[in-house]
Amino acid sequence: MKDMPLIEAVLPPPAREYPGINWIGLQTLYVREVRRFFKVGMQTLAAPVVTALLYMLVFVVAVGGGREVHGVAYGAFVAPGLIMMQILSNAFANSSSSLLQGKFNGLMGDFVTPPLSPLELLIGFSAGAATRGLFVGAISAVAVWFFARPPIEEPWAIVYFGVGAAMIMGFLGIMAGLWAEKFDHMATVTNFVIMPMTFLSGTFYLVERLPEPFRTLSKFNPFFYLIDGFRYGFIGRAEGSLAIGVSLTAAIVLVFGAICFWMFKTGYKIKT
C-alpha cells in the first residue's frame with residue numbers, strides 16, 4: 001500500500017495586533033460617520049440652516065421688534081440659542097441614526113467584528129456626532145449673522161459650551177441608538193425629551209420672567225446651562241451660575257461617556 005500523502009493543516013492567518021490605539025480603525029469609523037451626513041447634505045446641513053432662519057424670521061422680525069434683552073437687541077439674544085439648538089439636535093441625530101440604521105440593516109456586526117475596542121467605538125461615534133453638530137452650528141451662525149450681529153465677549157465660553165454640548169448629545173445619541181429597537185422609540189426620545197428640554201431652556205426668552213414653579217424647574221434643566229453659558233460667550237451676560245454650568249457640563253460629559261463605554265463593553269443590544 002502506497003504511502004498516503006501528508007496533509008498539512010491550513011490555519012487562518014493570526015489576528016492582527018494593534019498595540020495601544022487602533023488608529024487605522026478609529027480613523028475609518030470617524031470618516032464613515034462624517035461621510036454619512038455629507039452624502040445627504042440637503043437633509044443634514046441645509047435643512048437645519050433653513051430652520052434656524054425661519055426661527056429668526058418669526059421670533060425676531062415678527063415678535064422681537066426693536067426690543068432689547070440684557071442690554072442687547074433681541075436678535076442678538078436669540079441667535080446664540082438658535083445656534084446651540086442646531087448643535088444639540090444634529091449631534092444627537094448623527095450617532096442615534098447611525099446605530100439604529102445599523103440595527104435595521106444588519107450592520108451591527110461591522111462595528112464589533114473589526115479590532116476596535118469599546119473606547120475606540122465610543123470615540124469614533126461621538127467624534128462623528130460632535131463634528132456634525134459643530135459644523136451645522138457654524139453654518140447656522142453664518143446664516144443668522146445677517147439678521148443679528150451678536151458681539152463676541154468671551155470666546156472661551158463659546159468653545160467650551162459648544163464642544164461640551166456636542167459631546168453630551170453625541171453620547172446621548174449613542175445611548176438612544178443602542179437602546180431603541182424601532183424608529184418609534186427614537187421619536188419618543190426626540191419629541192418627549194430633547195425638544196421639550198430645548199424649548200424650555202430659555203432659548204427665546206429670559207427664564208427669570210417665567211412664573212413659579214417653572215422658573216425654579218428650569219434651573220434643573222441641563223440644557224438651560226448649556227444655552228446660557230453659550231450665550232454668555234456672545235453677550236457677556238448669564239442668567240444662571242456660570243460656575244455651575246461649567247461644572248455640570250464636565251460632569252455630564254464624564255457620566256454619559258462612562259455609560260456609553262459600558263454599553264459598548266458589555267455589547268448592550270449589540271451582541272444579543
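This report walks through a predicted model of one protein chain, from its overall layout to single residues.

## Overall layout

The protein chain holds 10 helices and two strands. Along the sequence, these elements follow the pattern α-α-β-β-α-α-α-α-α-α-α-α. The C-alpha atoms of the chain fill a box of roughly 105 × 35 × 35 Å, taken along the principal axes. The chain has 272 residues, and buried residues make up 45% of them. Among contacts with a separation of 6 or more, 82% join residues 24 or more positions apart.

## The nonpolar core

The largest nonpolar core has 64 residues. Seven helices are named as giving two or more residues to this core: α2 (41-64), α3 (74-104), α5 (118-144), α6, α7 (183-199), α9 and α10. Helix α3 gives the largest share, 15 residues.

Which residues have the most contacts inside this core? They are Met-169 and Ile-174. Leave aside the neighbours of Met-169 within four places in sequence, and its contacts are Leu-88, Ala-91, Phe-92, Ser-95, Ile-194 and Phe-223.

## Helix α6 and its partners

Helix α6 covers residues 155-179, and helix α9 covers residues 222-235. The two pack at an angle of about 150 degrees, with their axes 7 Å apart. Angles over 145 degrees count as roughly antiparallel. Helices α6 and α9 are therefore roughly antiparallel to each other. The crossing of α6 past α9 is left-handed. On the α6 side, the contact is made by Pro-155, Trp-156, Ala-157, Ile-158, Phe-161, Gly-162, Ala-165, Ile-168 and Met-169. On the α9 side, it is made by Phe-223, Tyr-225, Leu-226, Gly-229, Phe-230, Tyr-232, Gly-233 and Phe-234. By class, this contact of α6 with α9 has 14 nonpolar, three polar and no charged residues. Met-169 and Phe-223 both belong to this contact, and Met-169 is in contact with Phe-223.

Helix α10 (residues 242-266) also meets α6. Their axes come within 9 Å and cross at roughly 30 degrees. Angles under 35 degrees count as roughly parallel. Helices α6 and α10 are therefore roughly parallel to each other. The crossing of α6 and α10 is left-handed. The residues of this contact divide into 20 nonpolar, four polar and no charged.

## Single residues worth locating

The table lists four residues with their place and relative accessible area.

| Residue | Place | Relative accessible area | Class |
|---|---|---|---|
| Gln-86 | helix α3 | 5% | buried |
| Met-108 | loop between α3 and α4 (109-112) | 9% | buried |
| Ala-93 | helix α3 | 24% | partly exposed |
| Lys-269 | segment after α10 | 26% | partly exposed |

Start with Gln-86, in helix α3. Why does Gln-86 count as buried? Its relative accessible area is 5%, and buried means under 20%. Residues within four places in sequence aside, Gln-86 is in contact with Pro-48, Thr-51, Ala-52, Gly-133, Val-136 and Ser-140.

Ala-93 also sits in helix α3. Its relative accessible area is 24%, and it is partly exposed. Ala-93 and Ala-176 are 83 residues apart along the chain. Their C-alpha atoms are separated by 9.9 Å.

Met-108 lies in the loop between α3 and α4. Not counting residues up to four places away in sequence, Met-108 touches Leu-99, Gly-102, Lys-103, Leu-178 and Ile-270. Met-108 and Lys-269 are 161 residues apart in sequence. In space, they are 9.7 Å apart, C-alpha to C-alpha.

Lys-269 lies in the segment after α10. At 26% relative accessibility, Lys-269 counts as partly exposed.

## Backbone details

What is the phi of Lys-269? It is positive, about 55 degrees, although Lys-269 is not a glycine.

Which kind of peptide bond joins Glu-212 and Pro-213? The bond is cis, with omega about 10 degrees. Pro-213 lies in the loop between α7 and α8 (214-218).

How values were computed. Residues are numbered from 1 along each chain as its sequence is written. This is a predicted model: local features need pLDDT of at least 70, side-chain atom pairs count only at pLDDT 80 or more; totals for chains, interfaces and linings use all residues. Side-chain values use heavy atoms; hydrogens and water are left out. Axes are lines fitted to C-alpha atoms, for helices over the stretch in contact, and angles run from 0 to 180 degrees between N-to-C directions. Helices (H or I, at least four residues) and strands (E, at least two) are DSSP runs, numbered from the N terminus. Angles under 35 degrees count as roughly parallel, over 145 as roughly antiparallel, 65 to 115 as roughly perpendicular and the rest as oblique. A crossing is left-handed if the near helix is turned anticlockwise from the far one by less than a right angle, and right-handed if clockwise. Contact means heavy atoms within 4.5 Å. Ala, Val, Leu, Ile, Met, Phe, Trp, Tyr, Cys and Pro count as nonpolar, Asp, Glu, Lys and Arg as charged, and the others, Gly among them, as polar. A nonpolar core is a set of buried Ala, Val, Leu, Ile, Met, Phe, Trp, Tyr and Cys residues joined through side-chain atoms within 4.5 Å. Buried means under 20% relative accessible area, exposed over 50%, partly exposed in between (1.4 Å probe, protein chains only).
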